[in-house]
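Grab a pencil and work through a few exercises on a protein model. Try each task yourself before you read the solution.

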Amino acid sequence: MWENKQLDEIQQHIFLGRLGKALNMTQNYVLTFPQRYDTSILQELKNNYQLMTDYWRGGAVDPRRNEVYHKLLRQLNALVTNMMIQDRISHTSSLQSLYKRGEEIRPVISEHLLQVRLEEYVANVAMLEFEQEQQREEKRLRLHQEHQQFMDRLFGYILTSGVWPDWQADAFADILLSPTVDSHDQQLIVSAVMLSAMSVFDFHKFRVLVKVYRDTTDPSLRQRALVGWVFSADSSMAEFYPEMRDMIVRLCDDEQVCKELIELQMQVVFCQNAEDDRQTIQNEIMPDLMKASNLHITRQGIEEKDDDPMRDILHPDAAEEDMERMEQSMNRMMDMQKQGADIYFAGFSQMKRFTFFYDISNWFAPFSPDHPGISHIWQQGKGRKFLHVIMQLGAFCDSDKYSFVLAFEQVLSRLPQQMLQMVEQGEASPMPVGGQVPIEEQRQPAFVRRLYLQNLYRFFRLYIQRGDFVNPFDDARSVFTANPLFRGSRLEQQMCEVASFLIKHNRHADARRVLEGMEGQRDLRYYILMGSLLMHTGDPASCVAAMECYGQALQMQPGHRRALTGYARACFACKNYTEALHTYEQLQSQDADSQSVELNIAVCLTHLQRYEEALKILFKQNYLYPDDQNVMRILAWTLTVDGKYEQAVKLYDQLLSSGKRQVADSLNYGYCLWFKGDVAGAAGMFRQYLSQQEGVPAAMEREFLDTEHELLSAHGISDTEILLMLDFLSQ
């Protein structure tokens, strides 16, 4: 995406309130490109600034001086933002094309005729019912064709438009909330406003999206507006536009708004997981489905396999097993969908190469059978019922619906004739992969929003010129709950829920950003989650901070098991083995039968060199669980550091000969052999350890001279011997 560093620098001075410097820099920039920009607005701003300065120098008292100064800053920011948009368009061929298309309807906008034009379309569609049947179809096709072209131009106009003045923002808000404008048109306009505001922030476009979300009664329009204002909210503008934060905080006073925001955050993460879900479906689920079905995919299409008469004789249970396997695969797919996975991305990502998707507006168009790009397919006789049933049953996003219809012509001739006839005659209904979604569920706000997000995800992943746009799924916007604009709002009360969700999806850094942004009261759950995230970081400073977090949690609720467990682990990571031991003993008093707690007590005792007590616990555990390799592993190491090498060697031999050996077993065995005096055997184990983890001898240098230097010294290994071993391993 094109950027202009000079204009960015000017805008930074504006945000810092340096009006005079920003004006001078803007004038110098404009003089560099005298034919590109209109200087009249800039000159008027300079004159007004000079006038204000003259009054100030003269000692005049003006109670509105701060207000005027801030107003001039905003006017200059609007001018510079428009220059940034112009510059971006001039350097981006796709935007140039959209801008030119948008220019064709500029008179409609400037003359305040847009709403009239959109309302006329609705009236003309209604009037088609009064036309004679022979003329009705022809007029219907022409009407929808002309309107689609108009909406495509309008989309281009909005997407490339500069900062909206108040009157234009109000006009678009009226259009988007008007009951006499078609909902599909309103939804397309909202998407264009979102794309424009995401690319270059415009406060007036943002406030239009907020107003539509707050005031509309149309569920589909409301959810698009929600996604729009969330993705376009720019925290860097918070100081310059304090109203933006106030608007968001007021929105979040509504419990339903907070609920939708939390759902939206989770749905965005599910969209981001689409690539992983694609791999699961392609590599694990679809092969099982095709293997269990009686269909076979060939270059000529889908064919039914011939029944094998010997199969029933040789494998009488095969058919039942195939059905069971298919049912399991279908259930797995449906479970993924219920959990929020985008199960259709894998298949439909291959269907976005139709010329239909060359027009950017079609990626955001709500599905309509009257769209000129598909109406001829939708109305065709052969396969019509099959197509209509699939569209009704399947939970496809709009983009995928268009893809399916466009591909239907090519697929129709390749479907097994028997399958097609059964559907056409009403003898069977096609069941989409993933199962049928009830109509009532499809109307729920969360479902509507999920499908719209899937539309967006496909655009930002698959549109041929996607690089010209800001991708909200690839930057900080994807975790919008960490946006400082939400700080201090009621949404903070649910941030722990978001963080917990992110942790479950291995998004630890994002979860930490969400929690660190909280300004309100921090509760027990906050401290436990933050402690867990700090422990995940692994560095010493974070472990100390984790101890403090768990300590805060225990002050709030002494004896809380999860907090105690976290505190014990943090103490252990900080090498505070005495405190860790004390905490594990507290846990043992709560659950005397916990094996993991008892083993951790033994490890702490080992680090405190209380070997006799540790071995007493470990021998008991080894007797009770002779096949438990974790017990064997801890026992072997405790025997090693206690100098009982022969017993330890026997255990290490068992560990290394098992199929569940760990990489560290070779390293620890090497230490045991070295302490025992078997230098060659130790070197062999260290080499094995390095090869298993694809390490290099330099890693052993850190291990010997830093991590375990004290242990080596305690067992009589001198620095000279360490260096000799390092030299030997490097050969």
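Below are exercises on this predicted model, each with a worked solution.

**Exercise 1. Get an overview of the chain.**
Task: How many helices and strands does the protein chain have, and what share of its residues counts as buried?

Solution.
- Start with the secondary structure: the protein chain has 39 helices and two strands.
- Next, check burial: 49% of the 731 residues count as buried.
- Then look at the surface, where the protein chain exposes about 36600 Å², with carbon and sulfur atoms supplying 49% of that area.
- Finally, look at contacts with a separation of 6 or more: residues 24 or more positions apart account for 68% of them.

**Exercise 2. Explore the nonpolar cores.**
Task: Which residues have the most contacts inside the largest nonpolar core?

Solution.
- The largest nonpolar core has 213 residues, and Trp229 and Phe704 have the most contacts inside it.
- Which helix gives the most to this core? That's helix H14, residues 255-272, with ten residues.
- A second core, separate from that one, has five residues, among them Cys397, Val437, Phe447 and Leu451.
- Now zoom in on Phe704. Leaving out residues up to four places away in sequence, Phe704 touches Tyr671, Trp674, Phe686, His709, Leu712, Ile722, Met725, Leu726 and Leu729.

**Exercise 3. Hunt for disulfides.**
Task: How many disulfides does the structure hold?

Solution.
- The count is zero.
- Take Cys258: the nearest cysteine sulfur belongs to Cys252 and is 4.7 Å away, and Cys258 is in no disulfide. A disulfide needs the two sulfur atoms within 2.5 Å, so that pair doesn't qualify.
- Cys258 is buried, at a relative accessible area of 3%.
- Why is Cys574 not bonded to Cys543? Their sulfurs are 5.0 Å apart, and Cys543 holds the closest cysteine sulfur to that of Cys574, so this is too far for a bond.
- Cys574 has 25% relative accessibility and counts as partly exposed.

**Exercise 4. Read the faces of two helices.**
Task: Where do the buried residues of H7 and H9 sit around each helix axis?

Solution.
- Begin with the length of H7, which covers residues 114-127: its 14 residues reach 20 Å from first C-alpha to last, close to the 20 Å expected at 1.5 Å a residue.
- Leu114, Leu118 and Tyr121 are buried in H7. Looking down the axis, the buried residues of H7 fall within an arc of 50°, so they line one face of the helix.
- The cover over them includes helices H6 (106-110), H8 (133-159), H9 (166-177) and H10 (183-199).
- Move on to H9. Its twelve residues should span 16 Å at 1.5 Å a residue, and the end C-alpha atoms are 17 Å apart, which agrees.
- In H9 the buried residues are Gln168, Ala169, Phe172, Ala173, Ile175 and Leu176. They fall within an arc of 160° down the axis of H9, so these too line one face of the helix.
- What covers the buried residues of H9 includes H6, H7, H8, H10, H11 (203-215) and H12 (219-232).

**Exercise 5. Look into an enclosed helix.**
Task: Why can H12 be called largely enclosed by the rest of the structure?

Solution.
- H12 has 14 residues, and its first and last C-alpha atoms lie 20 Å apart, close to the 20 Å expected at 1.5 Å a residue.
- Twelve of those 14 residues are buried, so H12 is largely enclosed by the rest of the structure.
- Among the buried ones are Arg222, Arg224 and Trp229. You've met Trp229 before, as one of the residues with the most contacts inside the largest nonpolar core.

**Exercise 6. Check two loops and a neighbor.**
Task: Is Asn506 buried or exposed?

Solution.
- Asn506 lies in the loop between helix H25 (495-504) and H26. With 62% relative accessibility, Asn506 counts as exposed.
- Its phi is near 60°, a positive value in a residue other than glycine.
- His112 is not a glycine either, yet has a positive phi of about 60°. His112 sits in the loop between H6 and H7, and counts as exposed at 53% relative accessibility.
- Now step into H26, residues 508-516, where Asp510 lies. Asp510 is buried, with a relative accessible area of 16%.
- Asp510 touches Val479 and Leu502, not counting residues up to four places away in sequence.
- Asp510 and Ala476 are 34 residues apart in sequence, and their C-alpha atoms are 9.0 Å apart in space.

Technical notes. Residues numbered from 1 in each chain as written. Predicted model: local features only at pLDDT ≥ 70, side-chain atom pairs only at ≥ 80, totals over all residues. Heavy atoms only, no water. Buried < 20%, exposed > 50% of the residue type's maximum accessible area, 1.4 Å probe, protein only. Helix = DSSP H or I, 4+ residues; strand = E, 2+ residues; numbered from the N terminus. Contact = heavy atoms within 4.5 Å. Areas by Shrake-Rupley, 256 points an atom, 1.4 Å probe, with all protein chains shown as cover. Core = buried A, V, L, I, M, F, W, Y, C linked by side-chain atoms within 4.5 Å. Expected span 1.5 Å × (residues − 1). Arc of directions from axis to C-beta.
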